[in-house]
Amino acid sequence: MTSLAPHDLVVAPAAQDDWRTVTEWAADEGWNPGLSDGPCFFAQDPDGFFIGRIDGQPVSAVSVVNYGTDYAFLGFYLVRPGLRGHGYGLATWKTAFAHAGGRTVGLDGVVAQQDNYRRSGFEPAHRTMRFSGTVPELAAPAGVTPVRDPESVLAYDSACVPADRPRFLWRWLTEDGHRALARFVDGRLTGYGVIRPGRDALRVGPLFADTAEDARALFAGLTAGAAGQQVAVDVPLPHTPAVALAEDLGLAPSFETARMYTGPVRPFAAERVFGVSTLELG
């Protein structure tokens, strides 16, 4: 699929090699993408990534990644600095958005773009705040073990997000540099989390847990040996215990987005979401 847009912009599906360039743009915007995010994202929906070019040079990008038949997630809406305001982003958006079909589409929108997203049919659900800071010295947690079999947390993950996402999750849990831990209390799974290296800080996400105690134990396990390094986690602001935990860990607000949807999504356990997986794929 290709399309012609203003000033001979050509929009077409992107390959993973193209997305390395887009990831650099995201890093320049201060989004702190993970070092190995690209292959994990493409594992879910390799046809959901689009790039706009002028004379063969990339100038714009957006991803619309499908999860099943009812839900998609939009991310990486970017235009190179110096080329904004010419309609390149909107033209790329229109081509990519068709990939979602009739699905409800979600996104995590930066503050500056939220009015534009509303005009495109998105309604805000809640604010999300990135909390960043130095990894504190924490006591060794109890009941925390490595996730050795991704199947063991698939059902828990599905309960915490608006869609099943086994292809993404399998890669996310096993990608080089990613470390996944689960917590068990009396033999019952009470949460799991992943940490990965980012451009500017370690990234924790997801951080899904039954209670703040479970989430704290997982955070402690994920950051073991990293005291003094920089870390970041994206926390839904309506979840008061999650915000309180981030603050108690000494992390401070650094970057705000809003979760927005074009329509209804299936119910999920928002009270378990102490940190979202990634602002790019939900």
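**Helix H3**

I started with helix H3, residues 88-97, and found it mostly covered: seven of its 10 residues are buried. Buried here means under 20% relative accessible area, exposed means over 50%, and partly exposed is in between, with a 1.4 Å probe and protein chains only. Helices (H or I, at least four residues) and strands (E, at least two) are DSSP runs, numbered from the N terminus. The buried set in H3 is Tyr88, Gly89, Ala91, Thr92, Trp93, Thr95 and Ala96.

Before going on I noted the ground rules: this is a predicted model, local features need pLDDT of at least 70, side-chain atom pairs count only at pLDDT 80 or more, and totals for chains, interfaces and linings use all residues. Residues are numbered from 1 along each chain as its sequence is written, and side-chain values use heavy atoms, with hydrogens and water left out.

Then I looked up Lys94, also in helix H3. Its relative accessible area is 55%, so Lys94 is exposed. From Lys94 to Val62 I get 9.7 Å, C-alpha to C-alpha, with their places 32 residues apart in sequence.

**H5 against H6**

Next I took a helix pair. Two packed helices are described by the angle between their axes and the distance between the axes. For helix H5 (residues 151-160) and helix H6 (residues 166-174), the axes come within 10 Å and cross at roughly 125°. Axes are lines fitted to C-alpha atoms, for helices over the stretch in contact, and angles run from 0 to 180 degrees between N-to-C directions. H5 and H6 are therefore oblique to each other. The classes I used: under 35 degrees is roughly parallel, over 145 roughly antiparallel, 65 to 115 roughly perpendicular, and the rest oblique.

The H5 and H6 crossing is right-handed, a label for the near helix being turned clockwise from the far one by less than a right angle, with anticlockwise giving left-handed.

Which residues of H5 and H6 meet? From H5 I listed Glu151, Val153, Leu154 and Asp157, and from H6 Pro166, Leu169, Trp170 and Leu173. By class, this contact of H5 with H6 has six nonpolar, no polar and two charged residues. Ala, Val, Leu, Ile, Met, Phe, Trp, Tyr, Cys and Pro count as nonpolar, Asp, Glu, Lys and Arg as charged, and the others, Gly among them, as polar. Contact means heavy atoms within 4.5 Å.

**H7 and Asp214**

H7 turned out mostly covered, with eight of its 11 residues buried. I wrote them down as Asp214, Ala215, Ala217, Leu218, Phe219, Ala220, Gly221 and Leu222.

Asp214 caught my eye, so I checked the number: a relative accessible area of 5%, hence buried. Helix H7 itself runs over residues 212-222. Leaving out residues up to four places away in sequence, Asp214 touches Arg183, Val185, Thr190 and Ala209.

Gly221 led me on to Thr145: the two are 76 residues apart in sequence and 8.4 Å apart in space, C-alpha to C-alpha. Thr145 lies in strand E8, residues 144-146. At 34% relative accessibility, Thr145 counts as partly exposed. Its contacts, neighbours within four places in sequence aside, are Ala180, Leu181, Ala182 and Phe184.

**H8**

In helix H8 (residues 240-248), I found Ala242, Val243, Leu245 and Ala246 buried. They cover an arc of only 160° around the axis, which puts them on the same side of H8; the arc is that of the directions from the helix axis to the C-beta atoms. On the other side of H8, Thr240, Glu247 and Asp248 are exposed.

What covers the buried residues of H8? The cover includes strand E7 (123-134), H7, strand E12 (230-236) and strand E14 (273-275).

Just after H8 I hit Gly250, with a positive phi of about 85°.

**Backbone oddities**

Most residues other than glycine have a negative phi, and most peptide bonds are trans. I looked for exceptions.

Asp55, not a glycine, has a positive phi near 55°. Asp55 sits in the loop between strand E3 (49-54) and strand E4 (57-67), and at 76% relative accessibility it counts as exposed.

Phe76 has a positive phi of about 55° as well, though not a glycine. Is Phe76 buried or exposed? At 4% relative accessibility, Phe76 counts as buried, and its place is in strand E5, residues 71-79.

Last entry: the peptide bond from Gly205 to Pro206 is cis, omega near 0°, and Pro206 is found in strand E11, residues 202-209.
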